[in-house]
Amino acid sequence: MDKDMVLQDGLIEGAEIAYQRIIHHLNEINEESPLTDNILIMMTKNLLERIRTIQLLSKIEREESITILTRSFLELQVSLKFILNSNTDQRALSYYYNYKIQTVKNLISMTKSDSSYSLSLNEKDLERLRKEVPNANSVEDYLLHFERKWNKLFSPMQSKARKGTPKQYRKWYSLNWEYNSFKDLMVAVGFEESLYHFFYGITSIDVHGKGALGNMKIDESYWTLTGSMPSHLCYAIIDSALSSALYDLSSYYDLVEDEEINRALTLMANSSILI
């Protein structure tokens, strides 16, 4: 593959510089970071970890894995961008509470489907649980605590759904019941709907294993797995989305004019495969 069509070291280096500068800024202004800040920082850290992994996979030509991680990266970047766009505290809390709820619900479902698994808590387990939820005596109490907090974030539904209208379910990103799908979320943060179908839709083929045979490439006697989407297109969306995420995060913390942030964003721009 053309060396100019892979993720450049400068892109990741610039993102890391910006990330560390933002953390330093937060340490300067807060002795203890608010929950919103912790959520934003951990989401950004996860973005960077995915990028590093994708860069390593590109060096060993694991295209099918690159496609899968690109889908994961895109979901996280869109979520972060959406949280930063407006109503940041509420959206960040919703994202966090939903994570807690889904994790515990799946554990409970596991125990219900197989009695050999148990969620019985000993005193040490309860002690750890009560650091977050002081009155919790069980996993169910823990779940109920976060469900109540999450439900309070949502605005009341304006009216009952008309007959024949699909039932509305709570989604972390739809606190006013205005978004029904991840496609809506992508459009809300500025992606064209066509890009949803192209990047999110096509990468889903590899995520769900449907491209296992269709992506086989045979070169003489050498077999390799390609991705449902060419790697250079994955790098292009990652390149643009990562720069956008770091700019938005810097803007949220009023650091766009900061000298070190400017240096980091300039390094990212100069390392872009899109120029």
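# Asking the model how it knows

Q: Which atoms supply 50% of the area that the protein exposes?
A: Carbon and sulfur atoms do, out of about 16100 Å². That area comes from the Shrake-Rupley method with a 1.4 Å probe, and for residues only the protein chains shown count as cover.

Q: What kind of model is this?
A: It's a predicted model, where local features need pLDDT of at least 70, side-chain atom pairs count only at pLDDT 80 or more, and totals for chains, interfaces and linings use all residues. Residues are numbered from 1 along each chain as its sequence is written, and side-chain values use heavy atoms, with hydrogens and water left out.

Q: What is the mean pLDDT of the protein, and which elements have the lowest and highest?
A: The mean is 86, and 87% of the residues reach 70 or more; pLDDT is the predictor's confidence in each residue, from 0 to 100. Strand S2 (residues 222–225) has the lowest mean of the elements, 52, while helix H10 (residues 259–270) has the highest, 96. Where pLDDT is low, don't read the predicted coordinates in detail.

Q: How many helices and strands does the protein have?
A: There are 10 helices and two strands, counted as DSSP runs numbered from the N terminus (helices: H or I, at least four residues; strands: E, at least two). Starting at the N terminus, the order is α-α-α-α-α-α-α-α-β-β-α-α.

Q: Why does Ala 18 count as buried?
A: Buried means under 20% relative accessible area, exposed means over 50%, and partly exposed is in between (1.4 Å probe, protein chains only). Ala 18 has 0% relative accessibility, so buried is the right word. This residue is in helix H1 (residues 9–29). Beyond its neighbours within four places in sequence, Ala 18 is in contact (heavy atoms within 4.5 Å) with Leu 246, Ile 261 and Ala 264. In the whole protein, 42% of the 275 residues count as buried.

Q: Why does Leu 233 count as partly exposed?
A: Leu 233 has 26% relative accessibility, so it falls in the middle class. You'll find Leu 233 in helix H9 (residues 231–252). Not counting residues up to four places away in sequence, Leu 233 touches Phe 198 and Phe 199. The C-alpha atoms of Leu 233 and Phe 199 are 8.8 Å apart, though 34 residues separate them in sequence.

Q: Why does the span of helix H4 agree with what it should be?
A: The expected span is 1.5 Å times one less than the number of residues. For the 26 residues of H4 (residues 88–113) that comes to 38 Å, and the end C-alpha atoms are 37 Å apart, so the two agree. The buried residues of H4 include Tyr 97, Ile 101 and Ile 108. The helices they pack against include H2 (35–59), H3 (63–85) and H9.

Q: Which residues touch the most other members of the largest nonpolar core?
A: Ile 22, Val 78, Met 186 and Leu 242, out of 75 residues. H9 gives this core its largest share, 10 residues. A nonpolar core is a set of buried Ala, Val, Leu, Ile, Met, Phe, Trp, Tyr and Cys residues joined through side-chain atoms within 4.5 Å.

Q: What makes Glu 49 and Arg 52 a salt bridge?
A: The rule asks for a side-chain nitrogen of Lys or Arg within 4 Å of a carboxyl oxygen of Asp or Glu. Glu 49 and Arg 52 meet at 2.7 Å, N to O, so the pair passes. The two are three residues apart in helix H2, which means about one helical turn separates them. Glu 16, Lys 45, Glu 49 and Arg 52 are linked in a network of such bridges. The total count is 11 salt bridges.

Q: What ties together parts that are 167 residues apart in sequence?
A: Asp 248 and Lys 81 do it with a salt bridge, their closest N and O atoms being 2.5 Å apart. Asp 248 lies in H9 and Lys 81 in H3, so the bridge spans that stretch of sequence. Both residues are buried.
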